[in-house]
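Hello,

Here is the structure I promised to pass on to you. Have a look at it first, and then read on for a short tour of what turned up.

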Amino acid sequence: MSFALVDKAENPRLLYLATRDTLEGLLETLGADVRAWADSQGFTADPGSQLGLPDNGGVIVGMGDDSSPLGGADAEFWALGALPDSLPLGSYVLAHQPAEPTASRLALGWALGAYAFTRYKKRKRAPASLVWPEQANRERVTAMAEAVYLGRDLINTPAGDLGPKELAATARDVAEQHRASCSVITGDDLLIENYPAVHAVGRAATNGPRLIDLRWGDENHPKITLVGKGVCFDSGGLDIKPAGGMQLMKKDMGGAASVLALAHALMRAKLPIRLRVLIPAVENAISGNAFHPLDVLATRKGLTVEVGNTDAEGRLILCDALAEADREKPALLIDCATLTGAARVALGPDLPVIFTRHDALADDLQNKAAQQADPVWRLPLWPGYRRLLESKVADLSSTGESSFNGAITAALFLAEFVDPSTKWVHIDMIAWNTRSRPGRPEGGEVQTIRALFALIEDYVTA
């Protein structure tokens with residue numbers, strides 16, 4: 001897969017990058033005719049703007065203002081993201097070759113802009129191609145582009161073609177590619193192996209529940225464990241969603257897609273880690289044996305949980321996986337989940353929410369997120385809300401009775417299954433681009449994986 005990046009091209013057109021601050025100098029070097037043309041077109045290097053130059057003289061691409069809140073790394077990542085589909089077909093090359101990390105950011109932005117989901121419908125046209133920037137780290141760019149394409153394809157695939165069985169098959173494919181091991185516990189065997197909450201949520205579906213367990217790397221390296229919510233479709237269960245609420249529920253396995261994508265990038269980069277990926281994969285369906293509101297479920301940790309709402313199923317499958325992940329005492333434990341609408345109400349679709357007990361870890365992740373143009377925002381694990389999870393008949397309620405602070409209470413619920421000493425991050429994401437932007441087409445998205453890759457790389461190599 002080339003990602004519309006090529007080693008060389010015959011007579012490629014030149015791409016000039018300009019901010020509002022550098023446009024004047026660029027026009028001066030290109031000559032009076034180009035300046036007159038830019039003035040006549042009112043070109044001011046606004047973000048994402050393009051100016052085709054006369055006589056096939058190339059294209060100037062606007063990058064906006066370096067001092068803007070979304071300047072710097074964000075501008076570099078996405079400066080070229082719209083170009084593969086918006087430029088005329090052909091090959092292009094950067095007129096001025098940037099150094100690292102700018103070169104890799106530009107290349108990755110181009111690659112992600114060339115993505116299209118083509119399983120069921122051919123793309124309207126091939127993307128334009130870019131000659132690799134000379135200083136780009138090709139291995140890292142390719143690894144991340146492969147990871148993002150994998151995750152986006154998984155999230156975009158309809159639930160009829162991607163259930164727990166198919167998600168497990170994909171995990172096996174990823175494992176085989178990297179010579180990792182992958183085991184899958186299926187159906188009633190989940191009860192034998194003590195994953196009762198995963199079984200309860202998924203037992204009503206014909207495509208039965210699974211616990212996917214991928215392992216890779218040297219046992220002596222730092223243990224990094226990723227957990228992803230793999231609800232391949234969420235009807236809401238007996239607390240059934242309305243039709244509008246089900247519309248995008250094929251993306252409810254976005255956490256699983258994200259950790260599989262991240263795992264691919266980590267393994268391809270051969271980082272010195274002992275990686276484990278745990279994915280509880282289910283369909284939250286309705287049938288005669290579906291779990292009920294106010295059922296009391298057993299969990300792997302031994303805590304009993306009263307079901308407040310069958311449409312809050314993600315935390316139930318995650319609690320079993322997190323308990324198993326925490327048992328090994330990893331150096332770093334990260335879970336990704338499309339968990340709550342409350343997180344989207346609080347921060348919107350572009351900002352995944354992070355929760356952690358460890359301030360330094362939160363700061364580090366937010367710094368890496370800014371550097372990678374892969375934003376996150378922290379909310380508190382506010383202990384005052386823990387009382388809302390009390391139950392009269394079980395150790396915990398899965399939801400409590402309050403209609404407020406839903407993202408925080410969900411995170412507090414998960415925290416019950418992770419030892420306070422464990423360096424754990426919970427990420428509540430939408431895994432979906434609600435609108436198209438350069439390099440980020442509307443549809444499935446593996447949010448946070450660039451930030452998490454940088455976090456893990458720094459953690460094990462610093």
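Let me start with a single residue: cysteine 319 is buried, and its relative accessible area is 0%. Its sulfur has no partner in reach, because the closest cysteine sulfur, in cysteine 336, is 17 Å away, which is too far for a bond. Please keep in mind throughout that this is a predicted model.

Cysteine 232 tells a similar story. That residue is buried, at 2% relative accessible area, and it takes part in no disulfide. The nearest cysteine sulfur to cysteine 232 belongs to cysteine 182 and lies 14 Å away. How many disulfides does a search of the whole structure find? The search comes back with zero.

Now for the chain as a whole. The protein chain holds 16 helices and 20 strands. Is its radius of gyration what a compact globule would have, or something else? For 462 residues, a compact globule would come out near 23 Å, and the protein chain has 23 Å, so the two agree. Along the principal axes, the C-alpha atoms fill a box of roughly 80 × 45 × 45 Å. Of the 462 residues, 56% count as buried. The chain exposes about 19,100 Å², and carbon and sulfur atoms supply 50% of that area. If you take the contacts between residues at least 6 apart in sequence, 76% of them join residues at least 24 apart.

A good place to zoom in is strand β4, which covers residues 59-62. Its side chains alternate: Val59 and Val61 point one way, while Ile60 and Gly62 point the other way. Are these four residues buried or exposed? All of them are buried.

Strand β4 also has pairing partners to look at. One is β2 (residues 13-18), which pairs with β4 in the parallel sense over four bridges. Within that pairing, tyrosine 16 stands opposite isoleucine 60. Another partner is β3 (residues 50-52), which runs antiparallel to β4 and is joined to it by three bridges. There, glutamine 50 has valine 61 as its bridge partner. β3 and β4 make a hairpin with six residues between them. In the turn of this hairpin, aspartate 55 has a positive phi of about 55 degrees.

Further along the chain there is an open sheet of three strands, in the order β12-β13-β17, with mixed pairing. Its edge strands are β12 (296-297) and β17 (396-397), each of which pairs on one side only. Strand β13 (residues 305-306) pairs with β17 in the parallel sense over two bridges. Glutamate 306 stands opposite serine 397 of β17.

One last stop is threonine 448, in the loop between β20 (443-444) and α16 (449-461). Although it sits in a loop, threonine 448 counts as buried, at 1% relative accessibility. What does it touch, leaving aside neighbours within four places in sequence? Threonine 448 is in contact with Cys336, Pro352, Asp374, Val376, Ile427 and Met429. Cys336 may ring a bell: its sulfur is the closest one to that of cysteine 319, where this tour began.

Enjoy exploring, and do write back with any questions.

Best wishes

Notes
Residues numbered from 1 in each chain as written. Predicted model: local features only at pLDDT ≥ 70, side-chain atom pairs only at ≥ 80, totals over all residues. Heavy atoms only, no water. Pairing = 2+ DSSP bridges. Disulfide = S-S within 2.5 Å. Buried < 20%, exposed > 50% of the residue type's maximum accessible area, 1.4 Å probe, protein only. Contact = heavy atoms within 4.5 Å. Rg over C-alpha atoms; globule rule 2.2 N^0.38 Å. Areas by Shrake-Rupley, 256 points an atom, 1.4 Å probe, with all protein chains shown as cover.
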